[in-house]
Every structure is written in C-alpha cells, then in structure tokens.
Amino acid sequence: HRFEDVPGVRRHLVKRSTKGTVVHVGKDHSEPFPKAKKADRKPHEVFVELNELTVDKNHEMQWKETARWIKFEEDVEEETDRWGKPHVASLSFRSLLELRKTLAHGTVLLDLDQRSLPGIAHQVVEQMIISDQIKAEDRANVLRALLLKHR
C-alpha cells in the first residue's frame with residue numbers, strides 16, 4: 001500500500017549502548033560522524049519576485065513586490081494595486097545590456113550555505129564591499145535597507 005512506508009513517518013532504529021546511557025538514533029549508526037550533505041543538483045521549480053524599495057505614506061522605507069515570475073510574468077497594476085494578467089516577459093536591448101553588466105560586475109552569490117535572510121544579506125554586503133561596489137562605511141545603511149520589511 002502506498003501509505004505504509006512514508007519517508008517522513010518512517011520509524012528509526014534505536015539501539016542502546018551497554019557502556020552507558022548513550023542512545024544512537026537513526027537507520028544506520030555504524031558511522032560515528034555523518035558524511036557532509038551533498039548539494040541537490042536536480043532542477044527545481046523557480047519562483048522569482050521583483051521587490052522595489054519605496055517610501056510609504058508614513059514616509060518609511062519598505063520593500064514592495066512589483067513583479068513576479070512563475071511561468072509567466074505578472075506585474076502589479078499601479079492604479080488598482082492588484083496583479084495584472086500573466087504574460088510572456090520580454091526585455092528591451094537596453095535591459096539586456098544592463099542585465100549583462102550586472103551579471104558581469106554585480107554581486108551574484110550562488111549555493112550559499114545560509115538559511116536566514118540576515119545571513120544572506122550579510123554575505124551579500126560583504127561581497128559588495130570586497131568587489132568595490134559599496135564603501136565599507138556604507139555597510140550599515142545597505143544592510144539596514146536589505147533587512148527592511150518585505151513583505
């Protein structure tokens with residue numbers, strides 16, 4: 001039956017040591033230290049958001065999602081503040097040149113070993129300082145802007 005061996009509910013073998021109160025939990029306890037986790041190289045579904053730093057009616061800066069891509073592009077309509085119809089995205093030649101320049105000279109960090117937004121933001125800011133995109137004295141302001149409320 002397909003529900004009999006669900007990986008998330010699978011029972012683990014528990015063995016008690018005869019030398020003390022150490023308990024080994026897991027399917028195979030023969031290795032004292034687990035091997036390093038391999039990176040997942042399979043293709044995944046992609047969801048991309050475009051957030052713009054804006055000033056709200058209370059004169060506070062915040063990030064606002066203005067576009068997103070799942071399979072098609074969707075933009076926020078400024079008049080109604082609602083999502084428009086999905087459409088095939090296209091870029092102008094000028095936009096392609098800007099994208100090329102950003103990828104060549106901007107900060108692009110792939111396969112980061114971070115799980116939190118503050119950790120990612122800190123590494124991005126440090127890389128921007130190393131590559132002379134921002135000055136070291138601007139570190140706090142850029143980090144603060146990156147960590148503002150996103151939605």
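This passage describes the strand pairing, the salt bridges, the loops and a nonpolar surface patch of a predicted model.

In the predicted model, four strands are arranged as an open sheet in the order β3-β4-β5-β6, and their pairing is antiparallel. The edges are taken by β3 (48-55) and β6, and because each of these has a single partner strand, one side of each is left without a neighbour in the sheet. Between β3 and β4 the antiparallel pairing extends over eight bridges, and within it L53 has W63 of β4 as its bridge partner. These two strands form a hairpin with five residues between them, and in the turn H59 has a positive phi of about 60°. The next pair, β4 and β5, also runs antiparallel and is joined by three bridges, with W69 facing its bridge partner E73 in β5; here the hairpin connection passes through three residues. Strand β5 (residues 73-77) in turn pairs with β6 in the antiparallel sense over two bridges, and V76 stands opposite W83 of β6.

Within this sheet, T66 belongs to strand β4 (residues 61-69) and has a relative accessibility of 18%, so that T66 counts as buried, the limit being under 20%. The side chain of T66 makes a polar contact of 3.4 Å with that of E52. When neighbours within four places in sequence are left aside, the contacts of T66 comprise L50, E52, E74, D75, V76 and W83. One of these contact residues, E74, is itself buried, with a relative accessible area of 13%, and its side chain meets that of R68 in a salt bridge with an N to O distance of 3.2 Å.

The count of salt bridges in the model comes to four. Among them is a pair in helix α1, where K101 and E98 lie three residues apart, about one turn of the helix, and where their side chains meet at 3.9 Å, N to O. Both partners count as partly exposed, K101 at 47% relative accessibility and E98 at 41%. A further salt bridge links R139 with E126, the closest N and O atoms being 2.8 Å apart. Because R139 lies in helix α3 and E126 in helix α2, this pair ties together parts that are 13 residues apart in sequence. R139, at 31% relative accessibility, counts as partly exposed, and E126 falls into that class at 24%.

The loops between helices contain residues other than glycine with positive phi values, including D111 and D132. D111, whose phi is near 55°, is placed in the loop between α1 and α2 (117-130) and counts as exposed at 65% relative accessibility. D132, whose phi is near 60°, lies in the loop between α2 and α3 (139-146) and likewise counts as exposed, at 69% relative accessibility.

On the surface, L91, L96, L99, L103, V108 and L110 make a nonpolar patch of about 600 Å². One of its members, L91, is found in the loop between β6 (82-83) and α1 (93-105). With a relative accessible area of 52%, L91 is classed as exposed, because the limit for that class is over 50%.

Definitions and conventions. Residues are numbered from 1 along each chain as its sequence is written. This is a predicted model: local features need pLDDT of at least 70, side-chain atom pairs count only at pLDDT 80 or more; totals for chains, interfaces and linings use all residues. Side-chain values use heavy atoms; hydrogens and water are left out. Patches are made of residues with over 30% relative accessible area and no salt bridge: like charges are joined within 9 Å, nonpolar side chains (Val, Leu, Ile, Met, Phe, Trp, Tyr) within 5 Å. Accessible areas come from the Shrake-Rupley method with a 1.4 Å probe; for residues, only the protein chains shown count as cover. Buried means under 20% relative accessible area, exposed over 50%, partly exposed in between (1.4 Å probe, protein chains only). Two strands pair if DSSP finds at least two bridges between them. A polar contact is a pair of N or O atoms within 3.5 Å; within protein, one must be able to donate a hydrogen and the other to accept it, and residues adjacent in sequence count only if both atoms are side-chain atoms. Contact means heavy atoms within 4.5 Å.
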